[in-house]
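Let's walk through this structure together, starting with how its strands are paired and ending at its surface. Keep the viewer open as you read.

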Amino acid sequence: MSTNKRKLTKINKGPKVEKGRSDLPSITARADDAFGSKNYAEFSVDKKKEGKYKSQRTLMLLAYIFGAGLFVAVCAAVKFLLWFVALTPLFLWMAVYFTWPFVSIEYKYTVDHALFTVKTVYGDRYEELMFEGKIKDFSIIAPYNDTYKNQADEFAADAEKVEAYSSSSADDIYFACHTDENGKKTVVFFEMTSQALGAVKYYNSSATVVSEVRR
């Protein structure tokens, strides 16, 4: 099933694919699985600081600076509030703690016993479910390149789009077309790794297009 509900939960973070690595990411194994089991794979990627996302981060930093300056100015103007100036660092820290995670984003993908899950991770503290569905219900899982791009775009025309990649120019972007038991269509765009590719092929070999991936 897929979901649009915005619900933040405490993070249970998996291993991150480090930039520049060519080897496989480490795999977190369940207690009832052997290490490297095809039943489980979990990894995450950072959202690249570009475009609208970069602007949001810049505006957030400016808001902190402006807010701190305004607070000091108001306290200085109202003499009986002057002692509050000493609390400026504390208030600024609180503002950063509660708001900066929302402009510090990662995407986490999990394959867990035939279930594929995509989450947005905020500041290493909270995560939000973007998509969850059975791998057997995907009609195609393939690279988003010249060969399969039209097929992905046609499916996406009347489907919910879940974009969970570090950048539109990232290597190894895959798409997965999903239709649930109620007929709801969702296309998920994400970054593939060798471990994840092996896992999804294990559960849906007929729909999975195998290609050479960097990680």
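Two strands count as paired here if DSSP finds at least two bridges between them. With that in hand, and remembering that this is a predicted model, look at strand β4 (residues 115-122) and strand β5 (residues 126-134), which pair in the antiparallel sense over 8 bridges. Together β4 and β5 make a hairpin, with 3 residues between them. In that turn you will find G123, whose phi is positive, at about 55°. To get your bearings on the pairing itself, pick out V121, which stands opposite E127 in β5.

Now zoom out to the whole chain. There are 4 helices and 9 strands, and reading along the sequence gives the pattern β-β-α-α-β-β-β-β-α-β-β-β-α. Of the contacts between residues at least 6 apart in sequence, 65% join residues at least 24 apart. The chain has 215 residues, and buried ones make up 40% of them.

Next, follow the chain to strand β6 (residues 138-143). This strand is mostly covered, with 5 of its 6 residues buried. Its partner is strand β8 (residues 173-179): the two run antiparallel and are joined by 5 bridges. One pair to locate is I141 and its bridge partner in β8, A176.

I141 also takes us inside. In soluble globular proteins, nonpolar side chains tend to be buried together. Which residues have the most contacts inside the largest nonpolar core? They are Y109, F116, V118, I141, F190 and M192, in a core of 28 residues. F190 is a good one to select: leaving aside residues up to four places away in sequence, F190 touches Y109, F116 and I141, along with A164, D172, I173, Y174, F175 and A176. So the bridge partners I141 and A176 are both among the contacts of F190. There is also a second, separate core of 14 residues, which includes A152, F155, A156 and F175.

Finally, turn to the outside. The chain exposes about 12,100 Å², and carbon and sulfur atoms supply 57% of that area. Where might you look for nonpolar side chains on the surface? L90, F91, W93, M94, Y97 and F98 form a nonpolar patch there, with about 600 Å² of accessible area together. One member of this patch, F98, has its place in helix α2 (residues 88-99).

Definitions and conventions. Residues are numbered from 1 along each chain as its sequence is written. This is a predicted model: local features need pLDDT of at least 70, side-chain atom pairs count only at pLDDT 80 or more; totals for chains, interfaces and linings use all residues. Side-chain values use heavy atoms; hydrogens and water are left out. Patches are made of residues with over 30% relative accessible area and no salt bridge: like charges are joined within 9 Å, nonpolar side chains (Val, Leu, Ile, Met, Phe, Trp, Tyr) within 5 Å. Accessible areas come from the Shrake-Rupley method with a 1.4 Å probe; for residues, only the protein chains shown count as cover. A salt bridge is a side-chain nitrogen of Lys or Arg within 4 Å of a carboxyl oxygen of Asp or Glu. Buried means under 20% relative accessible area, exposed over 50%, partly exposed in between (1.4 Å probe, protein chains only). A nonpolar core is a set of buried Ala, Val, Leu, Ile, Met, Phe, Trp, Tyr and Cys residues joined through side-chain atoms within 4.5 Å. Contact means heavy atoms within 4.5 Å.
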